[in-house]
Amino acid sequence: MLTCDANYEWWMTDSYYNSAKLKAGANDASTMQNLDQLFNHYRDIDKSDETDVIGVEGCMQYFADLGVDLEEPVVLVILTEFNAPTMGEVPRQGFVDCWKRLGAAEIAAQKDHLPILRASLVTRPDTFKSTYKHTFKLALAPTQRSISLETALPYWRLLLTAPSLAWNTPTTPWLDWFAEYLETRWKKGVSKDLWEQTGVFVQKSLEDESMGWWSEDGAWPGVLDEFVGFVKEKRAAAAAAAEAGGRESMEL
């Protein structure tokens, strides 16, 4: 349930986006021209024959000019807004449409949007869901249908750790246990279905860490069924250790 502060933040965020849409309606021709020129500046850095794509070097310079570290989760939000097909590749249409919609045709104006974009992973569930889903596409290598565990884990850590949506609850360090389980007992690739169903699992476990929503008859990937068993093992071990520690204290 959202707190009063979170509800206020939600209202402020929605108001901000609505205000940006109103601003975007003014001076459309000038905005489009400025955005095309800005896009061309970063596109030309790669010295490629592509006319409508910013390449790797151009992307790195663009984020540097925005003042955004490439290890920040907001990078994934921005690339999702751009509908980027992969990391290090930004299409003209997505770039122009995004910043036209938000009414920001210059780097300085785009920087002003960063605080809201950063916060949106927590304050706007739809933004988190779309960014989480699109990240699989960004991480996917050409011709592949799954991503390696070595690739998936850093993205999960980026998306599921503050300042993004922190996958932890009072009694369960979900992300740490999930990574431990995958690295010790799974070690296979991550399919699109597993990626997306993990996102659903994350949301449900944050809403109810007791897993009252869980059913062995549910249509979850087998790896998540097994992870639930792993969590129960961890909790039982923690409870046993706490009980043993309590007995020792009483004996002393």
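**Exercise 1. Glu-209**

Find out whether Glu-209 is buried or exposed in this predicted model, and which side chain of opposite charge is nearest.

*Solution.*
Step 1. Check burial: Glu-209 is buried.
Step 2. Look for a partner. The nearest side chain of opposite charge belongs to Arg-235, 4.5 Å away.
Step 3. Apply the cut-off. A salt bridge needs a side-chain nitrogen of Lys or Arg within 4 Å of a carboxyl oxygen. Glu-209 therefore has no salt bridge, with Arg-235 at 4.5 Å.
Step 4. Look for polar contacts. The Glu-209 side chain makes one with the side chain of Thr-169, at 2.5 Å.
Step 5. Place the residue. Glu-209 sits in the loop that runs between helix H10 (192-207) and helix H11 (222-251).
Step 6. List the surroundings. Setting aside residues up to four places away in sequence, Glu-209 touches Thr-169, Pro-170, Thr-171, Thr-172, Trp-174 and Arg-235.

**Exercise 2. An aromatic pair**

Classify the geometry of the pair formed by Trp-167 and Phe-227, and say where each ring comes from.

*Solution.*
Step 1. Start with the whole structure: a search finds 29 aromatic pairs.
Step 2. Take the pair of Trp-167 and Phe-227. The ring centres are 6.4 Å apart, and the planes make an angle of 55 degrees.
Step 3. Classify. Planes under 30 degrees apart count as stacked and over 60 as edge-to-face, so the angle of 55 degrees makes this pair tilted.
Step 4. Locate the partners. Trp-167 is in the loop between helix H8 (149-159) and helix H9 (174-186), while Phe-227 is in helix H11. The pair links distant parts of the chain, 60 residues apart.
Step 5. Check burial. Trp-167 counts as buried because its relative accessibility is 0%. Phe-227 is also buried, with a relative accessible area of 0%.

**Exercise 3. Helix H9 and its end**

List the buried residues of H9, then inspect what follows the helix.

*Solution.*
Step 1. The buried residues are Trp-174, Leu-175, Trp-177, Phe-178, Ala-179, Tyr-181, Leu-182 and Trp-186.
Step 2. Move just past H9. Here Lys-187 has a positive phi of about 60 degrees.
Step 3. Go on to Lys-188. This lysine lies over the face of Trp-186, 5.0 Å from the ring centre.

**Exercise 4. Backbone exceptions**

Find the cis peptide bond from Ala-162, and compare the settings of Thr-143 and Met-211.

*Solution.*
Step 1. Recall the background. Most residues other than glycine have a negative phi, and most peptide bonds are trans.
Step 2. The bond from Ala-162 to Pro-163 is cis, with omega near 15 degrees. Pro-163 is in the loop between H8 and H9.
Step 3. Thr-143 has a positive phi, near 75 degrees. Its loop joins helix H7 (125-139) and strand E3 (146-147). Thr-143 is exposed because its relative accessible area is 78%.
Step 4. Met-211 also has a positive phi, about 65 degrees. Met-211 lies in the loop between H10 and H11. Met-211 is buried because its relative accessible area is 7%.

**Exercise 5. Ile-54**

Which residues are in contact with Ile-54, leaving aside neighbours within four places in sequence?

*Solution.*
Step 1. Place Ile-54 in strand E1 (residues 53-54).
Step 2. Check burial. Ile-54 is buried because its relative accessible area is 2%.
Step 3. Collect contacts: Phe-39, Tyr-42, Arg-43, Asp-46, Cys-59, Gly-88, Glu-89 and Val-90.
Step 4. Take Phe-39, 15 residues away along the chain from Ile-54. Their C-alpha atoms are 7.4 Å apart.

Key
Residues numbered from 1 in each chain as written. Predicted model: local features only at pLDDT ≥ 70, side-chain atom pairs only at ≥ 80, totals over all residues. Heavy atoms only, no water. Helix = DSSP H or I, 4+ residues; strand = E, 2+ residues; numbered from the N terminus. Buried < 20%, exposed > 50% of the residue type's maximum accessible area, 1.4 Å probe, protein only. Lys, Arg positive; Asp, Glu negative; His and termini not counted. Polar contact = N/O pair within 3.5 Å; in protein donor to acceptor, adjacent residues only side chain to side chain. Contact = heavy atoms within 4.5 Å. Phe/Tyr/Trp six-rings, centres within 6.5 Å; stacked < 30°, edge-to-face > 60°. Lys NZ or Arg CZ within 6 Å of the ring centre and 35° of its normal.
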